[in-house]
Amino acid sequence: AVRWEAHGWLDSGQATGGGLERVLRTAVASLIEAVGAKDPYTRSHSRRVSRYAQAIARGLGLSPHVQDEVALAGELHDVGKIGVPDDLLHKTGPLTQEERCRLLDHTVIGERILAPLLVARPAVLAAVRWHHERMDGSGYPDGLRAQSIPLIARILAVADSFDAMTSARPYRGALPRSVAVAELRREAGSQFDPRCVRAFLAL
């Protein structure tokens, strides 16, 4: 039977333990497919970011549980692009400042979409909301600075930026890996956590 729990509808045969985890994984897979139907690039990008981020977490010596949370956050970090207009997602020219701000809204939209599903995984929600924050405090959406940005979000920022730079987009071609690596090094300390950059480059 299906019944209402605190944050949504659950099948009584799947409401606890491993069954609940299966419900979560199924819902996550559905969300990823929904994003992919809107923007195939985002689906493949998110899978790569998940792998990069998990490898960074492993390189930092984080626990298997945290590595799993980082991987999940990578898969879901751009779910909020469901709420971004198609003409903005696929624009071939440079973005205006206003358009850039609207695109960055995907962080807040994603957190809002995922909050009922991931109420027991606040670290993943934090990464979704704050993966565009910067170490110098000039990031989005809340202007967090340095260690006030959760580590999982700092890891995701490095993985996300590297893949974005080395992937072809409607408005530019893929950058060479050497250029992306140089950018990570240049922005370590201002945009990126230097420890996360070092862990990534060590891969």
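R25 sits in helix 1, which covers residues 17-38. This is a predicted model, so take what follows as a reading of computed coordinates. With a relative accessible area of 39%, R25 counts as partly exposed, because that value falls between the 20% limit for buried and the 50% limit for exposed. Setting aside its neighbours within four places in sequence, R25 is in contact with L72 and R121. P85 is another matter: its C-alpha atom is separated from that of R25 by 27 Å, with the two positions 60 residues apart along the chain.

Now for the aromatics. A search of the whole structure turns up three aromatic pairs. Two pairs that share Y52 go in the table.

| Pair | Centre distance | Plane angle | Where the residues sit | Separation along the chain |
|---|---|---|---|---|
| Y52 and F162 | 5.6 Å | 80° | helix 2 and helix 8 | 110 residues |
| Y52 and F200 | 5.6 Å | 85° | helix 2 and helix 10 | 148 residues |

Why is the pair of Y52 and F162 edge-to-face? The planes of the two rings stand at 80°, and an angle over 60 degrees puts a pair in that class. The pair of Y52 and F200 is edge-to-face too, because its planes stand at 85°. Each pair links distant parts of the chain: Y52 in helix 2 goes with F162 in helix 8, and also with F200 in helix 10, which spans residues 194-201. Buried or exposed? Y52 and F162 are both buried, and F200 is buried as well. Put together, Y52, F162 and F200 form one aromatic cluster.

Helix 8 turns up again at the largest pocket, where it gives the largest share of the lining, five residues. About 890 Å³ of space lies in this pocket. It is lined by 31 residues, and the closest to its centre are R100, H132, S161, A164 and Y171. Which helices supply at least two lining residues each? They are helix 2 (40-59), helix 4 (86-89), helix 5 (97-104) and helix 8 (151-165). By class, the lining of the largest pocket holds 13 nonpolar, eight polar and 10 charged residues.

One last stop is helix 6, residues 106-114, whose buried residues are H106, T107, I109, G110 and L114. These residues lie on the same side of helix 6, because they cover an arc of only 165° around the axis.

Technical notes
Residues are numbered from 1 along each chain as its sequence is written. This is a predicted model: local features need pLDDT of at least 70, side-chain atom pairs count only at pLDDT 80 or more; totals for chains, interfaces and linings use all residues. Side-chain values use heavy atoms; hydrogens and water are left out. On a 1 Å grid over the protein atoms alone, a cavity is a set of points where a 1.4 Å probe fits but cannot get out, and a pocket is an open set with protein on both sides within 12 Å along at least five of seven lines; lining residues have an atom within 4 Å of a point. Grid points are joined across faces, edges and corners, and a volume is the space filled by probe spheres set on the points. Helices (H or I, at least four residues) and strands (E, at least two) are DSSP runs, numbered from the N terminus. Ala, Val, Leu, Ile, Met, Phe, Trp, Tyr, Cys and Pro count as nonpolar, Asp, Glu, Lys and Arg as charged, and the others, Gly among them, as polar. Rings of Phe, Tyr and Trp (its six-membered ring) pair if their centres lie within 6.5 Å; planes under 30 degrees apart count as stacked, over 60 as edge-to-face and the rest as tilted. Buried means under 20% relative accessible area, exposed over 50%, partly exposed in between (1.4 Å probe, protein chains only). The arc is that of the directions from the helix axis to the C-beta atoms. Contact means heavy atoms within 4.5 Å.
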